[in-house]
Amino acid sequence: MKKVTIFTMVILFSLMLGKGHAQNLKVGFVDAQKVLESSKEGKRVKTNMEEYVKSRQKIIDLEETELKQLEEDLTRQGALLSPEAKKVKQDDFQKKLMEYQKRATDLNKEVQGKKFDTLRDFNKKLEEAVRQIAEKEGYTFVLDKNGEGGSVLYAKESFDITPKVIEQVDRATPAAPAK
């Protein structure tokens, strides 16, 4: 839907301007995914997100290990326990399992929210870099070209402004402190 809408807008706008104005129409494209993967800011964003996800995964892994240990203890001791003691341990295990599942769901939502916020901030920087280049170089339209839902099916490489956008995003990104 997004592809059709943007493409249709470009075509309609070109037709509205007529042949004379359409010749002045300058269209470029950028691969936003490549900017995310290649710019300093994009690499920083990806590294921070990976570290954040790992820290949350570590919490889940610890709780999962604890649950497996409880389950093994219950299985091993089950034959030796009285029916009442076994019931208490099973109820305790079920309670901890439900807490674990809730915690895993909450952490997953937290990670998704963090990804959304981080990518939204990155996209603002990307859009600002594209706007600056488009205004400086006179582009009427700049389209997004990427492998996952981009809106350009074909374009000559000479219209690709991705390297300029990477350079602009890097210029706008403060240098990272030395580790």
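These are my notes on helix packing, one buried methionine and the ring contacts in this structure, which is a predicted model.

**Helices α3 and α4.** I began with the pair formed by α3, residues 40–77, and α4, residues 83–137, and found that their axes come within 10 Å and cross at roughly 175°. Because angles over 145 degrees count as roughly antiparallel, I have entered α3 and α4 as roughly antiparallel to each other. I then sorted the contact of α3 with α4 by residue class, and it has 16 nonpolar, four polar and 15 charged residues.

**Met-49.** Staying with helix α3, I looked up Met-49, which lies in that helix, and asked whether Met-49 is buried or exposed. Its relative accessible area is 10%, and since the cut-off for buried is under 20%, I list Met-49 as buried. Leaving aside neighbours within four places in sequence, I found Met-49 in contact with Val-111, Lys-114, Lys-115 and Thr-118. For one of these partners, Lys-114, I noted a separation from Met-49 of 65 residues in sequence, against 7.9 Å in space from C-alpha to C-alpha.

**Rings.** Lys-114 came up again when I turned to the rings, as it lies over the face of Tyr-52, at 5.2 Å from the ring centre. I also recorded Lys-26, whose charged end sits over the ring of Tyr-139, 4.5 Å from the centre of that ring. A search for aromatic pairs returned zero for the structure.

**Helix α5.** Last, I checked α5, residues 162–172, where the buried residues are Thr-162, Val-165, Ile-166, Gln-168, Val-169 and Asp-170. I traced what these buried residues pack against and wrote down β1 (27–30), α2 (32–38), α3 and α4.

Key. Residues are numbered from 1 along each chain as its sequence is written. This is a predicted model: local features need pLDDT of at least 70, side-chain atom pairs count only at pLDDT 80 or more; totals for chains, interfaces and linings use all residues. Side-chain values use heavy atoms; hydrogens and water are left out. Axes are lines fitted to C-alpha atoms, for helices over the stretch in contact, and angles run from 0 to 180 degrees between N-to-C directions. Helices (H or I, at least four residues) and strands (E, at least two) are DSSP runs, numbered from the N terminus. Angles under 35 degrees count as roughly parallel, over 145 as roughly antiparallel, 65 to 115 as roughly perpendicular and the rest as oblique. Ala, Val, Leu, Ile, Met, Phe, Trp, Tyr, Cys and Pro count as nonpolar, Asp, Glu, Lys and Arg as charged, and the others, Gly among them, as polar. Buried means under 20% relative accessible area, exposed over 50%, partly exposed in between (1.4 Å probe, protein chains only). Contact means heavy atoms within 4.5 Å. Rings of Phe, Tyr and Trp (its six-membered ring) pair if their centres lie within 6.5 Å; planes under 30 degrees apart count as stacked, over 60 as edge-to-face and the rest as tilted. A charge sits over a ring if NZ of Lys or CZ of Arg is within 6 Å of the ring centre and within 35 degrees of the ring normal.
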